[in-house]
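Colleague: I want to learn how to read a model like this one. Can we go feature by feature?

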Amino acid sequence: MASHVVSPAGRPTDTQTRTPSANRRRRDDTRLALIFIAPAAVGFLVFLIWPLIRGIYLSFTSFNLLTPAQFNGLDNYRRMLLDPVFWNALKVTVEYVIINIGVQTIVALVIAVLMQRLTRSMVVRGIILTPYLVSNVVAALVGLWILDTSLGIGNQLLKLIGIGPIGFFSDGPWVIPTIALVNVWRYVGYTSLLIFAGLQTIPGELYEAAKVDGSSEVQMFFRITMPLLRPILALVLIISIIGSFQVFDTVSVTTAGGPVNASRVLQFYIYDMAFGRFQFGYASALAVALLIVLVIVSFIQYRLTRAGQTDLA
Amino acid sequence: MTTLAPAEVPTSNPPAVTPAPGHKRTSIGRVIAWIVMALIMVVTLAPFYWIIRTALSSNSDLLAHPSTPYPVGFSVDSFKRVFGWQTGDAAIAAGGSGQSINFWLYLRNSIVVACLVTAGQLLFSAMAAYAFSRLKWRLRGPVFAIFLAGLMVPAIFTFLPNFVLIKELHLIDTLLGIALPGMLISPFAIFFLRQFFMTISTEVEEAALIDGASKVGIFFRLILPMSVAPLTTLGVLTYITSWNDYFWPLMVSYTDSSRVLTVALAVFKSQTPQTGPDWAGLMAATLVAALPMLVLFLVFARRIVNSIGFSGLK
Amino acid sequence: MKRIGKIKSVISSARFRVKAVAVGVTATLVAGVSACSGGGAAQPNNVISYWLWDSAQQPGYQQCANLFHKENPKLSVKITQYGWNDYWTKLTAGFIAGTAPDVFTNHLTKYPQFVDLKVLRPLDELPATKDIRDDEFQPGLGKLWTGRDGHRYGSPKDWDTVGLFYNKDMLAKAGVSADRVNQLKWNPQDGGSFEKTIAHLTVDTHGRRGDQPGFDKNHIAVYGLGGLSAGDNMAQTSWSSFAVSNGWQFMDKNPWGTHYNYGDPKLQETLKWYFGLAQKGYAPKYGAFSDSFGGYNQFAAGKAAIVEDGAWMISSYQTIKDVKWGIAPMPIGPTGHRAGPLGSLADSITTNAKNPEAAAEWVKFLSSEACQDIIAKAGVVFPARPQATQLSLQTRKAAGVDATPFADMVDNNETFFLPISSFGADISAIMTPGLQAIFIGEQPVSYLTDLNQQVNRLFQFG
């Protein structure tokens, strides 16, 4: 149906008295774009870029926050490369991210699809989101209580089915998975809501056509949902991974890095170094390392998932 | 669409669903799906049961009976403490910290801050997202990549410079000081909205352009209305995130005038390194603080679902 | 055609919505900006800002503030309370940005760092506080708060030490008398009467006591000694009192030593015995309870008969229902003496105080008899002045608590200083995971030698 396309000749006065930019079919919107990104750009430069540059500078200094920073070249970086606690922190954080994001993304995807294809109930949606309404710290405290080795109801239930008490927050191998799953509980609703919003952009007609053609739900999921969801899913993954790498509150409330560094994740190590031990220069170097890791991971992800393109429009 | 003769339209077992015993519409697949959903509901709600149980118990009984499944020493004192109706010695005797709580003031402060942040983020991020997805300009790609990098700036870098800046602007201990950094920039919101704007069909836009609309006009009158679903989703999530924000509002506020709910309710956490939190009060505070957010979500839930559906023009 | 119509109707109905959003944004912006009013700017010079973290003590100090204002009508004090975790972060941010309070409650573990960072004002340079003498307070307190340079950086306001809290009913059922528990002895070889007593008090899930045949050390219902923990560089409520009563010293000199002794054999044998109590089942192993459920919680839940805890916890123990408890002093060690770590809080003035002379007036008042007596009557801590301590003991006795074992340890010179030195936070970061490793069994006790070398290296390159 193209009958509505009216040739410019049909309404000459309108085209000529409208904004001059309409004439410039060249379509270079630079000036307009700059106006549109102005407020965000101001915030970006002032609240993100300036601190970033300053932080990178500080990573080459020794700085205790209260006296002027003293330049010390690559000393902080040399120390970092030789620091076993740093490498352990990196390893522990990566473990955490893999478990956390792996479980969270799969469960969130399942929930979002179920919300779209199975039920339209508002109650279900509300329930799914409720863990996000609880603060990080409270979620951690509740987890701590429920999973306490001797006083928690979790282990008492396990005793009923004959499994001995598990030191969820005190036994080296269990600590990171436990913290990861506590955070899955908290964030899966948020993540699934984002994915769900993405699912809304997929036209319902595609599903109906597929049904008539004889596809099952599972086939439709892999052939329609996943490909068309890619831009949003990629976004959700990148965001989740970046957030997951920076886990802090839960660790600080439950294990404080213990037992013996088993849960001393990078962000926790950074904060303690900066505000507990007043070695802000070294903490900045650690943070730069974290930044580099995030940039690499995000870049790889962005490319792998071709998040910049969409199959829809 | 098929052009099969009517006689061939299947009326018996539709092949679209997995084979089911008998002629019922519900297939095994659906049953499994419902079971999975139910399991997820249970796991999601179980800790909440624990929160409610603890909120309705009294602290001294909680210590003596830490793992009984039902409330022990049933009392609603914890809620009284949250609203500021039980203070001083009575509160201390019940295991609380005895601080006075000006609940409604803190609630108002939280609302103002969350509104500022949400409104600012939605508007400014939508504008930027539009520039990155729909406007054509040479530097679009590189600038977007730089904005994305903002997602990865470690929090340790931003806290102190932002704090000093807010102080220099004389915005310490003000609500605007709390809201300002989040209000202007959110790389996540820009990214999120850009992904959505990209899925909007270009045909509608071109139609409007040919009709003589300006790009600005298209943004306000076409793109925004069509993006009500993602905008609402983003708005609700941003609101909740801002509502639950603790560290930055804690740092910026010094007096009650700029104290938000999360910061005020920190009196229920442990005050000294040796004593524990006021468990019952803390759980009650969690429930009370979460309630407005739940209401907000339920009010807007419909918008999140019902998009105008223009993204799928054929 | 239909499409255009749809677009137009959408646009017009959406136009209103967008307008509404725009109005809403403007309104909230205006509201936000107008909410700007209300301070944040510097306090007027005659208002002294004072911070503390212990909410239980706030009412007492508010009374002191009211009294202060009556005696100095031109000055007033504004008290703000933040919980422990937030307190130090806000303080640090305040030092950096210039928004720190005038006076604040300082803690022994944090104060050396602040001295090194030069954010504390020497009290002996201000008119009101330059005459404070060490002998006004319990012995040793004044010295604790004096810096390496001889200046006084904190005016002591209270003191504390540790003792044994015991469950009277459990002891009675086990046939352990109060006299016995007040005279316990320990040694690293066989644990002395201390270990015998806690063994007898330990009960496994089948009801067998720790010193009976068939005792199952892997399934314990009630621990004889609760709250056993790896501790940290100070180990205030865990092993420090045992180690010192064994003849060990933290550093070459205290305060402001530069060489630690964590590798000393006396400490190694103490810890071998101390952590060994958990292996024997008399005390909880690492992880049996999470950190949030320390000695106090275990005691309240009826999972421990005796717990080593500090005098500052007395008011918390008073809230435990249905448990009658008593306090005993720490056991006597191989040296023939007891040892209890002397902790203390003090008030310090910050370098960015706008009116330091007025701040000093307030600090002086806080350590005066008038205020210390008010604090004593509130019954939460032991005030630093000896006389006020007596008053506080009487207050507690009236409430049914006999806290004299604590005061006796001070009177009998049975207390020692917790380690005051530079690099406190770094030392804690080295010792805490190290001690955990030893407690869990990942490392042998000789690992302490290695840890000690790491600690002392800090002073070489400091």
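Modeller: Yes. Keep in mind that this is a predicted model. Start with a helix, H14 of chain C, residues 369-378.

Colleague: Which residues of H14 in chain C are buried?

Modeller: Burial is a neighbour count: 20 or more other C-beta atoms within 10 Å. In H14 of chain C, C:Cys371, C:Gln372, C:Ile374, C:Ile375, C:Ala376 and C:Ala378 are buried.

Colleague: What covers the buried residues of H14(C)?

Modeller: Look for contacts from other elements. The cover includes three helices of chain C, H2 (58-71), H13 (356-366) and H15 (386-398), along with strand S12 (382-383).

Colleague: And what follows H14(C)?

Modeller: C:Gly379 does. Its phi is positive, near 70 degrees.

Colleague: Now sheets. What is the strand order in the open sheet of five strands in chain C?

Modeller: Read from edge to edge. The order is S7-S8-S9-S6-S10, and the pairing is mixed. Strands S7 (203-204) and S10 (325-328) of chain C each have a single partner strand, so one side of each is left without a neighbour in the sheet.

Colleague: How do S8 and S9 of chain C run, and how many bridges join them?

Modeller: S8 (residues 220-226) and S9 (residues 304-310) of chain C run parallel, joined by three bridges. C:Tyr223 stands opposite C:Ala304 in S9(C).

Colleague: Last, the contact between chains A and B. How many residues does each chain give?

Modeller: Count each side separately. Chain B gives 83 residues and chain A gives 87. On the chain B side, helix H1 (residues 28-55) of chain B supplies the largest share, twelve residues. By type, that side divides into 58 nonpolar, 22 polar and three charged residues.

Notes: Residues numbered from 1 in each chain as written. Chains lettered and ligands numbered in written order. Predicted model: local features only at pLDDT ≥ 70, side-chain atom pairs only at ≥ 80, totals over all residues. Buried ≥ 20, exposed ≤ 12 C-beta atoms within 10 Å, placed from the backbone. Helix = DSSP H or I, 4+ residues; strand = E, 2+ residues; numbered from the N terminus. Contact = placed C-beta atoms within 7 Å. Pairing = 2+ DSSP bridges. Nonpolar A, V, L, I, M, F, W, Y, C, P; charged D, E, K, R; others polar.
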